[in-house]
Amino acid sequence: MELKLNIYNGKAIEKTYRAETFDIMFGTVEDLLNIIDLEKLNSETEIAKIVIKAIPILKPLLKDVFEGVTNDELRRTKVKELIPLFINIFVFALKELNSNSSKN
């Protein structure tokens with residue numbers, strides 16, 4: 001699964017980071033699962049609230065997934081693009097957990 005992170009300069013895309021594969025540390029997944037209320041994931045408003053609460057966790061996560069991205073660049077990303085990106089990261093992490101648990 002390819003993930004993209006666009007960095008903007010005004011309205012124009014200045015740079016795009018791409019990631020094909022990535023590793024998420026178990027502690028990060030644990031932190032995210034403590035924040036996420038799975039019953040509320042069907043509403044974009046609720047997802048946005050979760051993202052806001054998770055910013056202290058998500059910023060380092062984005063820096064792990066997209067090697068080389070800076071704090072300044074993260075400030076120049078669009079929130080509307082981050083929400084589907086985080087959903088894809090969560091889905092990937094859950095699939096990884098599930099595939100590893102089915103191997104045991």
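**Exercise 1.** In this predicted model, find which residues make the nonpolar surface patch of about 370 Å², and work out which helices supply at least two residues each.

*Solution.* Start with the members: Phe26, Leu33, Leu94 and Leu97 make the patch. Next, place them on the helices. Helix 1 runs 26-35 and helix 4 runs 79-103, and each of these supplies at least two residues of the patch.

Now take one member on its own. Leucine 94 sits in helix 4. Its relative accessible area is 41%. Patch residues need over 30%, while exposed means over 50% and buried means under 20%. So leucine 94 counts as partly exposed.

**Exercise 2.** Sort out helix 1: which residues are buried, and which are exposed on the other side?

*Solution.* First, pick out the buried set in helix 1: Thr28, Val29, Leu32 and Ile35. They span an arc of only 120° around the axis, so they lie on the same side of helix 1. As a reminder, an α-helix has 3.6 residues a turn, so residues three or four places apart point the same way. Then flip to the other side of helix 1, where Phe26 and Asn34 are exposed. Phe26 is also one of the patch residues from the previous exercise.

**Exercise 3.** Describe how strand 1 and strand 2 pair, and say which residue of their hairpin takes a positive phi.

*Solution.* Strand 1 covers residues 3-9 and strand 2 covers residues 12-19; they pair in the antiparallel sense over seven bridges. For a spot to check by eye, look at tyrosine 8, which stands opposite isoleucine 13 in strand 2. Last, go to the turn: the hairpin has two residues between the strands, and glycine 10 takes a positive phi near 70°.

Technical notes. Residues are numbered from 1 along each chain as its sequence is written. This is a predicted model: local features need pLDDT of at least 70, side-chain atom pairs count only at pLDDT 80 or more; totals for chains, interfaces and linings use all residues. Side-chain values use heavy atoms; hydrogens and water are left out. Patches are made of residues with over 30% relative accessible area and no salt bridge: like charges are joined within 9 Å, nonpolar side chains (Val, Leu, Ile, Met, Phe, Trp, Tyr) within 5 Å. Accessible areas come from the Shrake-Rupley method with a 1.4 Å probe; for residues, only the protein chains shown count as cover. A salt bridge is a side-chain nitrogen of Lys or Arg within 4 Å of a carboxyl oxygen of Asp or Glu. Helices (H or I, at least four residues) and strands (E, at least two) are DSSP runs, numbered from the N terminus. Buried means under 20% relative accessible area, exposed over 50%, partly exposed in between (1.4 Å probe, protein chains only). Two strands pair if DSSP finds at least two bridges between them. The arc is that of the directions from the helix axis to the C-beta atoms.
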